[in-house]
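Work through the exercises below with the model open beside the text. Each task is followed by a solution in steps.

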Amino acid sequence: MSESAKPHHPTPQGKGEKTHGSDFSYVGIDAILEQMRRKAMKQGFELNIMVVGQSGLGKSTLMNTLFKSKVSRKSVQPNPEERIPKTIEIKSISHDIEEKGVRMKLTVIDTPGFGDQINNENCWQPIMKFINDQYEAYLQEEININRKKRIPDSRVHCCIYFIPPTGHCLRPLDVEFMRRLSKVVNIVPVIAKADTLTLEERDYFKQTIREELRANGIDVYPQKEFDEDAEDRLINDKIREMIPFAVVGSDQEYQVNGKRILGRKTKWGTIEVENIAHCEFAYLRDLLIRTHMQNIKDITGSIHYETYRVRRLNESNAHFKTKVNLYVSLLSFELPGLFLERTLTVRTVVERSSHITKM
Ligand SMILES: Nc1nc2c(ncn2[C@@H]2O[C@H](COP(=O)(O)OP(=O)(O)O)[C@@H](O)[C@H]2O)c(=O)[nH]1
Ligand SMILES: [Mg+2]
C-alpha cells in the first residue's frame, strides 16, 4: 500500500516527526514534508541530459566528470572513411546512481557527429525530431484510457550545448542550433575545453557569446521569463551573468596536497576541474544537480512539453473536425432526407470524443 493510501491511525506521530507534547494547537501540517521526502526517496529521481557538439569536444568526458563514473562512452577515433558520418545517430545510456540512499536514474543522450560534416545545414533537425518524439511518446501515454500510474519519462530535460573554444565568436551553426532548439528544450551552453584558452580569452569569449545570444533572441536556461519571484530572479541573474560556463572535464584522479581530485595534468601543473579558480565546471554541476534540477524538470513539463501538447491536440482536433465536416457534406448530398438527424448525431459524437482523440 502506498504511504498516502494508508489508513489514519489514532496516534498520528510517525518516524521523524516532532513531538509537540501538550501543544493542542499543533495540527501537524509540516509533517507533509516528511511524507513527501519518503515518497520521493521511494520513487527515486530521473534526469535526462542531452549533450550536443562536435566530436572530440569532451562531451563524454564531461558527463563522466559530472557523475564521477563512466556514464558515457569515450568517442572512438573513426577510421578515415568513417570520419564524415552521413547521419547522426542519437544514443541514450541510462545509469542508476545512488548517493546517501537517494536513487537517481540518469540518462545521457549522446549525439555523436553533430556539426562534423562539411555541409552542416539542417543538422539540428534530427535532434529536434528526437526531442519531439519523446514529447509525442509521453503524450500518447498520457491520453491513453488505461494510462500507467507513472508515465515513463524520456523527455529531454536539459541540452548541454558544447561551443568550441575558438575565443572569437559563435559560428552560424551554433546560433542556428540554439535559436531553434531553445524554443523546445532547456539549453545550457558551455565553452568546451576551456583550459585551451587564457583567462582573458575566456572572459572575452564569454562576453561575446552573451551578447550574440541576446542579439539573436536566444533564451537559454534559466530563462528570465520563467523566474517565479524576486528571489528566483536574484539567483538566476547571477547565473545568467556567468553563462556560458567555461568548463574543463576529466575522469582522471590525481593526488594534490594529499587530496584526491579530478584533474588534467599539464607541464605547468594540474588543472583541478572542481576548483572554481581553475574553471567553471563546479557551477555547471551545481546548476544541473544541486540547485536547479527540479526547476529544469518543471520547465520541461510545464513549458516545453505543454507547448508541444497544446499544438498537437489543436492540430489533431482540426484534422478530425475537417474529416467530420467532409462526412457531413457527403451525407447531405446523398441522403437529403436524413441530413438533419445525422448531422446532429455526428456533431454530438465529435464534441464528446474530441478530447480523447487518438493521433
Ligand atoms: N584539454 C582538454 N581536453 C579534454 C577535455 N575534455 C576532454 N578532453 C579530451 O578530448 C578528447 C575527446 O574527449 P571525448 O570526451 O571523447 O569527446 P566527445 O567526442 O565530445 O565525447 C579526449 O582525449 C579527452 O581526454 C578538456 O576539458 N580539456
Ligand atoms: Mg563522446
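## Exercise 1: helices on the six-stranded sheet

Helix H1 lies across E1 and E3, and its direction makes about 50° with E3. The model is a predicted one.

Task: find which strands helix H4 touches, and place them in their sheet.

Solution.
- Step 1. H4 spans residues 172–181 and packs on the sheet, in contact with E1, E4 and strand E5 (187–191). The direction of H4 makes about 170° with that of E4.
- Step 2. The open sheet has six strands in the order E2-E3-E1-E4-E5-E6, and its pairing is mixed.
- Step 3. At the edges stand E2 and strand E6 (245–246); each has a single partner strand, so one side of each is left without a neighbour in the sheet.
- Step 4. Within this sheet, E1 and E3 are parallel and share seven bridges. One residue pair to locate is Leu47 with its bridge partner Leu106 in E3.
- Step 5. As background, strands of a sheet pair through backbone hydrogen bonds, either parallel or antiparallel.

## Exercise 2: the three-stranded sheet

Task: state the strand order of the open sheet of three strands, then describe how E8 is joined to E9.

Solution.
- Step 1. The order is E7-E8-E9, and the pairing is antiparallel.
- Step 2. Strand E7 (253–256) and strand E9 (269–272) are the edge strands, each pairing on one side only.
- Step 3. From one strand to the next, the twist averages 70°.
- Step 4. Strand E8 covers residues 259–266 and is joined to E9 by four bridges, the two running antiparallel.
- Step 5. E8 and E9 make a hairpin, with two residues between them.
- Step 6. Two positions can be checked by eye: Thr266 stands opposite Gly269 in E9, and Gly263 has Glu272 in E9 as its bridge partner.

## Exercise 3: helix H2

Task: is helix H2 (residues 59–67) largely enclosed or largely open? Name what covers its buried residues.

Solution.
- Step 1. A residue is buried when its relative accessible area is under 20%.
- Step 2. By that cut-off, Lys59, Ser60, Thr61, Leu62, Met63, Asn64, Thr65, Leu66 and Phe67 are buried.
- Step 3. That is nine of the nine residues of H2, so the helix is largely enclosed by the rest of the structure.
- Step 4. The cover includes strand E1 (45–52), strand E2 (91–99), strand E3 (102–110) and strand E4 (158–163). E8 and helix H7 (281–291) are also part of the cover.
- Step 5. After H2 comes Lys68, with a positive phi near 45°.

## Exercise 4: a nonpolar surface patch

Task: which residues form the nonpolar patch on the surface, and why does Ile32 count as partly exposed?

Solution.
- Step 1. The patch consists of Val27, Ile29, Ile32, Leu33 and Met36, which together have about 560 Å² of accessible area.
- Step 2. Ile32 belongs to helix H1 (residues 31–43).
- Step 3. The relative accessibility of Ile32 is 40%, so this residue counts as partly exposed. The partly exposed class lies between the cut-offs of 20% and 50%.

## Exercise 5: the whole protein

Task: how many helices and strands does the protein have, and what share of the residues is buried?

Solution.
- Step 1. The protein has nine helices and nine strands.
- Step 2. Buried residues make up 40% of the 359 in the protein.
- Step 3. The accessible surface is about 22000 Å², with 54% of it belonging to carbon and sulfur atoms.
- Step 4. Among contacts with a separation of 6 or more, 66% are between residues 24 or more positions apart.

Definitions and conventions. Residues numbered from 1 in each chain as written. Chains lettered and ligands numbered in written order. Predicted model: local features only at pLDDT ≥ 70, side-chain atom pairs only at ≥ 80, totals over all residues. Heavy atoms only, no water. Patch = residues over 30% accessible without salt bridge, like charges linked within 9 Å, V, L, I, M, F, W, Y side chains within 5 Å. Areas by Shrake-Rupley, 256 points an atom, 1.4 Å probe, with all protein chains shown as cover. Salt bridge = Lys/Arg side-chain N within 4 Å of Asp/Glu carboxyl O. Buried < 20%, exposed > 50% of the residue type's maximum accessible area, 1.4 Å probe, protein only. Contact = heavy atoms within 4.5 Å. Pairing = 2+ DSSP bridges. Axes fitted to C-alpha atoms, helices over the stretch in contact; angles between N-to-C directions.
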